[in-house]
Amino acid sequence: MSEFNVTKTLDTSGLSCPLPVVKTKKALKDIEVGDILEMISTDAGSIPDMEAWARQTGHELLESNDEGKTFRFFIKKTH
Amino acid sequence: MEHKPKKLALIASRGTLDWAYPPFILASAAAAMDWEVGIFFTFYGLPLLKKDLKATVSPGSNPAMPMKMPFGSEGFQNFNWPMPNILMNNVPGFEAMATTLMKKTFKNKGVASIEELREMCIDMDVKMIGCQMTMDVFGFKRDEFIDEVDVGGAAVFLEFAADANVSLFV
């Protein structure tokens, strides 16, 4: 279990593609540059999707955790 | 971001419930990645921009479509119900039933509705171009469509798509 100083947690459990990335983008609007968003997903494709999303947006994906049926991401807002 | 955003140009030419998903899913995902996105809604795709969105699924034109039941045990739900064409094409109300089942199955799986995806696209400034010629041909009025539509023709879309990184016809 990672210890990040999380500013906001977004739970997208039960939601399918593309909602985890769309809701992540939206959630970033509510936090400041440098803040960390924790995102929880049950979408089986969310690890590769979030990695691609981070490469495209330039926000920093600090960590992706596969916890079985749940996936947990820590994202640092960079701009 | 300092650099120029990537750009996605889509043509949505089909209006059934199943075919309505690809353009809205791709558009919302791309917009979530800070891409600039434009969709040209033409022919049967144009009604997807109506205020009153009524996309249905047409099993008769999708012979490989698996039918899923949105209730019952997991095994029951996962079973692909074979639907003979004679049934799909001739039983009154079959389309309505198939549409209801598909909507319910999607909802159970956490898939957004077309209305929700369209709303998200609008929120993220996806450009929606409605085909003027299609409006004229099918006799649609401008006020049947949502306010966010930019009405235009092929040239408007092509100008948008000219420097797109990804262009797709759906």
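This is a short chat about how to read a few features of a predicted model.

Colleague: I'm new to this one. Which helices and strands should I look for in chain A, and how many are there?

Modeller: Chain A has 2 helices and 4 strands. Going along the sequence, their order is β-α-β-α-β-β. The radius of gyration of chain A is 11 Å, close to the 12 Å that the globule rule gives for 79 residues, so chain A is as compact as a globular protein of that length.

Colleague: What box do the C-alpha atoms of chain A fill?

Modeller: Roughly 30 × 25 × 20 Å, taken along the principal axes. Buried residues make up 30% of the 79 residues in chain A. You can also look at who touches whom: of the contacts in chain A with a separation of 6 or more, 57% are between residues 24 or more positions apart.

Colleague: Now chain B. How do I read a helix, say helix 5 of chain B, and which of its residues are buried?

Modeller: Start with the general idea: an α-helix has 3.6 residues a turn, so residues three or four places apart point the same way. Now the case here. In helix 5 of chain B, residues 114–123, the buried ones are Ile114(B), Leu117(B), Arg118(B), Met120(B) and Cys121(B). They sit on the same side of the helix because they cover an arc of only 160° around its axis.

Colleague: What covers those buried residues of helix 5 of chain B?

Modeller: The cover includes helix 1 (19–28) of chain A, together with helix 1 (17–32) of chain B. While you're there, look just past the helix: helix 5 of chain B is followed by Asp125(B), whose phi is positive, near 65°.

Colleague: And strands? How many residues of strand 2 of chain B are buried?

Modeller: In general, the side chains of a regular strand alternate between the two faces of the sheet. Here, strand 2 of chain B, residues 36–41, is mostly covered, with 5 of its 6 residues buried.

Colleague: Which strands does strand 2 of chain B join, and how do they run?

Modeller: One is strand 1 (residues 7–12) of chain B, which runs parallel to strand 2 and is joined to it by 6 bridges. There, Lys7(B) has Glu36(B) as its bridge partner. Between these two strands the chain crosses through helix 1 of chain B, and this β-α-β crossover is right-handed. Another is strand 3 (residues 127–131) of chain B, also parallel to strand 2, with 4 bridges. To find that pairing by eye, look for Phe41(B), which stands opposite Gly130(B) in strand 3.

Methods: Residues numbered from 1 in each chain as written. Chains lettered and ligands numbered in written order. Predicted model: local features only at pLDDT ≥ 70, side-chain atom pairs only at ≥ 80, totals over all residues. Buried ≥ 20, exposed ≤ 12 C-beta atoms within 10 Å, placed from the backbone. Arc of directions from axis to C-beta. Contact = placed C-beta atoms within 7 Å. Rg over C-alpha atoms; globule rule 2.2 N^0.38 Å. Pairing = 2+ DSSP bridges. Right-handed = clockwise from strand over helix to strand, strands pointing away.
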